[in-house]
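Reader: I'm new to looking at protein structures, and I'd like to work through this one by asking questions. Can you take me through it?

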Amino acid sequence: MDGGPEPAGPSVEAGRRRGRGALSNAAGRFEPQAREAFDDGWQSLDELPVFRTDVTVERARTIINRNDSPDVGFDRSINPYRGCEHGCVYCFARPTHAYQGLSAGLDFETRLFAKADAPELLAKELAKPGYEPRTIALGINTDAYQPIEREWRLTRRILEVLSDFGHPVGIVTKSALVLRDLDILAPMAERGLVKVALSVTSLDHKLARVMEPRAATPMRRLDALRRLSEAGVPTAVLVAPVVPAVTDMEMERILDAAAAAGASEAGYVMLRVPLEIKDLFKEWLLAHFPDRYRHVLAQLRELHGGKEYDSTFGHRMTGSGPYAWTMARRFEIAVERLGLNRRHTRLTTRAFNRPPRKGEQLSLFGEDA
């Protein structure tokens with residue numbers, strides 16, 4: 001039996017974190033000191049400001065990230081932003097904020113970084129003579145269409161570069177803002193260069209609001225799937241993450257709704273709670289679902305051989321054991337019934353072409369010399 005949560009840090013007063021997902025803001029795991037706000041009797045806590053979104057410009061040296069994980073279907077990705085204003089309490093990217101000397105809690109949602117020169121860096125990397133094109137995953141660590149994209153427009157500019165080069169891209173998002181870029185995405189889809197996946201955790205808008213406070217509502221995500229599909233953009237739905245005893249009962253409903261909206265592919269990922277996420281999630285769970293607290297953690301341990309998380313490749317996304325087997329069978333049955341995943345859209349690299357640099361002479365027949 002679990003004796004109670006390990007606090008992620010001192011809980012922040014509700015008014016100061018209004019519209020945010022995490023409940024606390026503990027110091028990053030690499031920091032030598034931890035600070036805790038307390039009322040000294042002089043109403044000092046009343047003077048603390050609310051958590052507002054602050055964006056810092058980051059000058060990156062490279063923009064394409066490489067990975068060799070066998071659990072994902074891509075070997076390169078681009079993340080135009082660090083941190084994510086959506087505030088999903090379960091976000092697996094939260095621990096990366098520790099490398100900035102910041103908290104995986106409220107800092108991750110409010111102290112963001114924008115890679116302002118990302119489009120220019122991307123063009124330079126793609127133009128290198130030795131570059132070999134393969135599908136780039138866009139916005140995998142943090143959502144490329146999070147709210148600050150409305151102002152910064154980095155994702156749109158990245159798509160313009162990829163379109164110019166004829167480079168394939170796969171997008172995963174929780175935002176309906178992706179529809180803004182249909183004028184780029186639809187022509188890319190005609191060339192076999194893009195696929196978009198919408199992540200849906202729950203169809204309950206109240207539950208979604210406390211889990212993912214600044215992400216698009218579930219209905220807006222389904223509408224985005226419909227409009228993308230109608231525009232000829234291949235779409236998929238990700239039931240992710242599946243939270244035991246909180247959202248797992250919705251798997252079939254989400255797949256039904258996504259298929260009706262035009263999605264042709266589907267996937268799912270079980271909840272993962274590595275590093276700081278474990279305590280942040282426990283804190284959130286106890287605040288919102290105290291009656292399910294012990295049961296959820298028991299299910300997580302069943303998934304991971306007695307531990308709350310196991311990072312082993314091939315295991316971390318789905319878990320193992322009876323509960324994992326049951327979820328996998330439910331998914332397979334629903335997908336078969338709905339006709340999903342009968343064909344997987346394969347993006348092409350055949351359209352890849354390095355545009356001539358300024359001052360570079362074009363070949364007479366439009367071919368490489």
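Reader: Let's start with helix α5. What covers the buried residues of α5?

Author: Keep in mind that we're looking at a predicted model. Helix α5 runs over residues 182-190, and its buried residues are Leu182, Ile184, Leu185, Ala186, Met188 and Ala189. The cover over them includes two helices and two strands: α4 (154-165), β7 (169-173), β8 (194-200) and α7 (218-230).

Reader: And just after α5, which residue takes a positive phi?

Author: Look just past the end of the helix, where phi comes to about 75°. The residue with that positive value is glycine 192.

Reader: Okay, on to the inside. Which residues touch the most other members of the largest nonpolar core?

Author: Some background first: in soluble globular proteins, nonpolar side chains tend to be buried together. Here the largest nonpolar core has 87 residues, and helix α11 (residues 322-338) gives the largest share of it, seven residues. The two members touching the most others are Leu122 and Leu255.

Reader: Which residues does leucine 122 touch, if we skip those up to four places away in sequence?

Author: Leaving out those sequence neighbours, we're left with contacts to residues further along the chain in either direction. For leucine 122 they are Ile63, Ile64, Ile78, Ile136, Ile158, Val161 and Leu162.

Reader: How many residues are in the second, separate core?

Author: This one stands apart from the core around Leu122 and Leu255. Among its members are Val12, Ala22, Leu106 and Leu280. Its full count is six residues.

Reader: Now for charges. How many residues apart in sequence are the parts that arginine 82 and glutamate 58 tie together?

Author: Side chains of opposite charge can pair when their charged atoms come close. Arginine 82 and glutamate 58 do this in a salt bridge, at 2.7 Å from N to O, one of 22 in the structure. Arginine 82 sits in strand β4 (residues 81-82) and glutamate 58 in the loop between β1 (54-57) and β2 (65-66), so the parts they tie together are apart in sequence by 24 residues.

Reader: In that pair, is glutamate 58 buried or exposed?

Author: Its partner, arginine 82, has 31% relative accessibility and counts as partly exposed. Glutamate 58 has 15%, and the cut-off for buried is under 20%. So glutamate 58 counts as buried.

Reader: What about arginine 329 and glutamate 332: how many residues apart are they in helix α11?

Author: An α-helix has 3.6 residues a turn, so residues three or four places apart point the same way. The side chains of arginine 329 and glutamate 332 meet in a salt bridge of 2.9 Å, N to O. Both are partly exposed, arginine 329 at 25% and glutamate 332 at 44%. Their spacing within α11 is about one turn of the helix, or three residues.

Reader: Last one, the open sheet of three strands. Which strands stand at the edges?

Author: The strand order is β1-β5-β4, with mixed pairing. Four bridges join β1 to β5 (residues 111-114), and these two run parallel, with valine 55 opposite leucine 112 in β5. An edge strand has a single partner, so one side of it is left without a neighbour in the sheet, and that is the case for β1 and β4.

Definitions and conventions: Residues are numbered from 1 along each chain as its sequence is written. This is a predicted model: local features need pLDDT of at least 70, side-chain atom pairs count only at pLDDT 80 or more; totals for chains, interfaces and linings use all residues. Side-chain values use heavy atoms; hydrogens and water are left out. A nonpolar core is a set of buried Ala, Val, Leu, Ile, Met, Phe, Trp, Tyr and Cys residues joined through side-chain atoms within 4.5 Å. Buried means under 20% relative accessible area, exposed over 50%, partly exposed in between (1.4 Å probe, protein chains only). Contact means heavy atoms within 4.5 Å. A salt bridge is a side-chain nitrogen of Lys or Arg within 4 Å of a carboxyl oxygen of Asp or Glu. Two strands pair if DSSP finds at least two bridges between them.
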